[in-house]
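Thanks for coming. I will walk through one model today, starting with a single residue and working outwards. Please have the sequence and the structure open.

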Amino acid sequence: IKITNYLNFGNEYFYYWKKVRRNYFKYKIQFDYKKFSFETNYQIGKVEKNYILNKSRMAENTFLDYNFSLKYKIDKFPNISVGAVYRFMDYAYDSSLYYSPIDRKLYGLTSSLLYPYRKIYLYLDGSVNRDNNEVYETNFDAEIGVSIKKISLSLSYSSFKNKYYENNGLSLTLGGSF
């Protein structure tokens, strides 16, 4: 059994989301056994004082976001996995300035591929989810990167779509582990 554990504290500032700032605490734990992987993420936080309830008043907006996933590794090389996911998201108030779901439950299927070749890697991930209001959404991520010792540089594309919202993003990331 392999156990992986993450703890993050953060402050995010979304300039294009009407200058919204949020603080959060995130905890992730993952258990791997043979070809199975179970992961859970738990995140709590608050959006700093900003407009809520159709811009009728200003308030801090606390939130809770957690998920569970169970994945099965089909192949070791390339690393191909399929799985099922459950996610719950809940904000105290609705806001028209940023995504603030209330009592949203998502159920979905996911698949991923990781193909390493020497110091270069390709990662693809996709999922289809349905929420408690029978709204479907799709997520797709693609990343190509290079890892040299403990430093990595990657270019990634992400896409999110449902009937209310669509987002496409391109990122260049420099990261590392020390």
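**Charged pairs, core and loops**

At 25% relative accessibility, Glu12 counts as partly exposed; that class runs between the two cut-offs, with buried being under 20% relative accessible area and exposed over 50%, using a 1.4 Å probe and protein chains only. Before going on, a word on what we are looking at. This is a predicted model, in which local features need pLDDT of at least 70 and side-chain atom pairs count only at pLDDT 80 or more, while totals for chains, interfaces and linings use all residues. Residues are numbered from 1 along each chain as its sequence is written, and side-chain values use heavy atoms, with hydrogens and water left out.

Back to Glu12. Which residue does Glu12 form a salt bridge with? The partner is Arg22, and the closest N and O atoms are 2.6 Å apart. A salt bridge here is a side-chain nitrogen of Lys or Arg within 4 Å of a carboxyl oxygen of Asp or Glu. Glu12 sits in strand S1 (residues 2–14) and Arg22 in strand S2 (residues 20–33), so this pair ties together parts that are 10 residues apart in sequence. Arg22 is buried, at a relative accessible area of 17%.

Next to Arg22 in the numbering is Arg21, which has a salt bridge of its own, to Glu48, at 3.9 Å from N to O. Arg21 belongs to S2 and Glu48 to strand S3 (residues 36–52), so here the parts tied together are 27 residues apart in sequence. Glu48 is partly exposed at 30% relative accessibility. Arg21 is partly exposed too, with a relative accessible area of 30%.

The third pair is Arg104 and Asp131, where the closest N and O atoms are 2.9 Å apart. Arg104 lies in strand S6 (residues 104–117) and Asp131 in strand S7 (residues 120–131), so the bridge ties together parts 27 residues apart in sequence. Are these two buried or exposed? Arg104 counts as buried at 8% relative accessibility, and Asp131 counts as buried at 4%. Salt bridges that share partners also bring in Glu137, giving one network of Arg104, Asp131 and Glu137. In general, side chains of opposite charge can pair when their charged atoms come close. How many salt bridges does a search of the whole structure find? The count is eight.

Now the whole chain. The protein chain has 10 strands and zero helices. Both are DSSP runs numbered from the N terminus, helices being H or I of at least four residues and strands E of at least two. The C-alpha trace spans about 55 × 35 × 30 Å along its principal axes. Of the 178 residues, 30% count as buried.

What makes up the largest nonpolar core? That core has nine residues: Val20, Tyr24, Val47, Ile52, Ala59, Phe63, Tyr91, Leu97 and Tyr98. By definition, a nonpolar core is a set of buried Ala, Val, Leu, Ile, Met, Phe, Trp, Tyr and Cys residues joined through side-chain atoms within 4.5 Å. S2, S3 and strand S4 (57–75) each supply at least two residues of this core. Take Phe63 as one member of the core. Leaving aside residues up to four places away in sequence, Phe63 touches a list of residues including Arg22, Tyr24, Val47 and Tyr91; contact means heavy atoms within 4.5 Å. So Arg22, the partner of Glu12, is also among the residues that Phe63 touches.

Contacts over the chain can be put as a proportion. Of those between residues at least 6 apart in sequence, 38% join residues at least 24 apart.

Last, three loop residues. Lys55 is in the loop between S3 and S4, and has a positive phi of about 60° although it is not a glycine. Lys55 counts as partly exposed, at 48% relative accessibility. Glu134 is in the loop between S7 and strand S8 (136–148), also not a glycine, with a positive phi of about 60°. At 58% relative accessibility, Glu134 counts as exposed.

Lys76 lies in the loop between S4 and strand S5 (79–91). With a relative accessible area of 71%, Lys76 is exposed. The C-alpha atoms of Lys76 and Leu114 are separated by 9.4 Å, and the two residues are 38 apart along the chain.

That is all I have.
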